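This report goes through one structure, element by element. Please keep the sequence and the model open while reading.

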Amino acid sequence: MTSFDTSPTLTVWRALLAVAVVFVMLATTGWSAVRDQQAGGPRELALAAWARDRIAGHSLPEADAPAYRLAHFFATLTSGQRFALADKYPSVVGNLDGAPVTLRYHANRVALGQAVAVEKMRAHDAKLSPDGRDEATARLDRFRSLLKGDRQILAFDPSGRGRAAEVFGDLDRAARVSVVVPGVDTHLLTLERSKSSKRRYAAPVGMAESLYGAERSASPGTRTAVIAWADYTAPAGLGMDAALGGLAADGAVRLNAMVGALPGTSKVSLFCHSYGSVVCGVAAHRAPDRVADIAVAGSPGMRAANAGQLETGARIWATRDGDDWIGDVPHMEFGGIGHGADPVDPAFGARIVSAAGAAGHSGYFEPGTESLDNFAAIGVGAYGSISCAGADSTCHSGISGERDG
């Protein structure tokens, strides 16, 4: 496929191909809209109780209040009062943008402990099918893993397929924060792979951990933190949800809310893989001003015809390795299906960086790849050390100095 050819005939064929792909998706996977957020589940009950509760004679703020209001509320409480609320409502406090991050870590450890107890019972429940018990065992193993050591869990919601976010580094003191936004099939059971797995760095936690290590190596003196952000409902497989933008729109709202509530005045870089780049593209025009860079890898499109349509002051970076299958997918939008132009097409207007050494669709965060080294340079603001792709030998031009803050 010659992605730079814009002839009318080729455009029509792309449209027809996209429609054909849709029908194949419908025939093989069906409409895969997520229906797994359980109304009346434990978190919903906790939110209802939170709404009725009071502390020190005052009502608790609405859980969906702006982050600055929630931050002010927690600032008025004593340490004892804050932790009492976290222990009483861990599933609420652990997911409140605006709550102190260390309090959220504590609340989510409590919530994980409760989730472990639930899955222990389910794993031995004779009323469940063997598959149901196996799933409970897998969830139990995941929750126990998240409780190990001093892991910093910024968000945790076990309902449905589950959502979570983990922090590497000191978020309160960081001058630069990187956020890894993963793609399809992201949920609690795919959040991480074992350290011995060959695909460790294809999972959100492995991506973020690898990026954090690379940033520390690239600039030991820079106070940096990296977030593995799997806190949105991602498409389940390559069904209709993956071809549409509805879940990306919902994820974009959550992403911008999280970024806007980060402590301090740190600069933020978004690293968006596969469908995660759709989320970042939709989020771009409303992203907080602190977002300095948006980098996409293996992107099916950002729901824009060019970088200008993203309407953001952030620098847009793009990369794709030579054997990533996403390059064979039509980069277009037709009747709401598809995600627009190819970000690595020079006509799109992104800064195209090298992915040398990366393999396949999920190899961009593998140690030793130029894609990871470039992401690390972007994350710490060392723009002068970025390796441009051959199609864009001046990808760091126009940026003042080697570092830009």
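## Helix α12 and its end

Gly381 comes directly after helix α12 and has a positive phi, near 80°. The model is a predicted one. Helix α12 spans residues 370–380, and 9 of its 11 residues are buried, so the helix is largely enclosed by the rest of the structure.

The buried residues of α12 are Ser371, Leu372, Asn374, Phe375, Ala376, Ala377, Ile378, Gly379 and Val380. Among the elements that cover them are strand β5, helix α8 and strand β7. β8 (291–297) and β9 (315–319) also belong to this cover.

## Strand β5

Strand β5 covers residues 176–181, and 6 of the 6 are buried, so the strand is likewise largely enclosed by the rest of the structure. Burial applies to both of its faces. Arg176, Ser178 and Val180 lie on one side, with Val177, Val179 and Val181 on the other.

β5 has parallel pairings with β6 and with β7. With strand β6 (residues 224–230), it pairs over 5 bridges in the parallel sense, and Ile227 is the β6 bridge partner of Val179. Between β5 and β6 the chain passes through helix α8 (residues 204–218), giving a right-handed β-α-β crossover. With strand β7 (residues 267–273), β5 shares 6 bridges, again in a parallel arrangement. Here the residue opposite Val179 is Leu270.

## Nonpolar cores

Which residues of the largest nonpolar core touch the most other members? They are Leu171, Val179, Ile227, Leu255, Leu270 and Ile294, out of 46 residues in that core. Helix α10 (residues 246–260) supplies the largest share of the core, with 6 residues. Val179 thus appears both in this list and in the bridges to Ile227 of β6 and Leu270 of β7.

Neighbours within four places in sequence set aside, Val179 contacts Ile227, Trp229, Leu255, Met258, Val268, Ser269, Leu270 and Phe271. There is also a second, separate core, which has 44 residues and includes Leu140, Ala228, Ala355 and Cys395.

## Aromatic pairs

The model contains 7 aromatic pairs. One of them joins Phe73 and Phe74 edge-to-face, with 5.1 Å from centre to centre and 70° between the planes. Both of these residues are buried because each falls under the 20% limit: the relative accessible area is 11% for Phe73 and 1% for Phe74.

Phe143 and Phe156 make another edge-to-face pair, at 5.4 Å between centres and 85° between planes. This pair links distant parts of the chain, 13 residues apart: Phe143 belongs to helix α7 (residues 130–147) and Phe156 to strand β3 (residues 152–157). Phe143 and Phe156 are both buried.

## Cluster and charge over a ring

Phe271, Phe365 and Phe375 make up one aromatic cluster. Two of its members have appeared above: Phe271 is in contact with Val179, and Phe375 is one of the buried residues of α12.

Where does the charged end of Arg351 sit? It lies over the ring of Trp317, 5.6 Å from the centre of that ring.

Definitions and conventions:
Residues are numbered from 1 along each chain as its sequence is written. This is a predicted model: local features need pLDDT of at least 70, side-chain atom pairs count only at pLDDT 80 or more; totals for chains, interfaces and linings use all residues. Side-chain values use heavy atoms; hydrogens and water are left out. Rings of Phe, Tyr and Trp (its six-membered ring) pair if their centres lie within 6.5 Å; planes under 30 degrees apart count as stacked, over 60 as edge-to-face and the rest as tilted. Buried means under 20% relative accessible area, exposed over 50%, partly exposed in between (1.4 Å probe, protein chains only). Helices (H or I, at least four residues) and strands (E, at least two) are DSSP runs, numbered from the N terminus. A charge sits over a ring if NZ of Lys or CZ of Arg is within 6 Å of the ring centre and within 35 degrees of the ring normal. Two strands pair if DSSP finds at least two bridges between them. A crossover is right-handed if, with the strands pointing away from the viewer, the path from the first strand over the helix to the second runs clockwise. A nonpolar core is a set of buried Ala, Val, Leu, Ile, Met, Phe, Trp, Tyr and Cys residues joined through side-chain atoms within 4.5 Å. Contact means heavy atoms within 4.5 Å.
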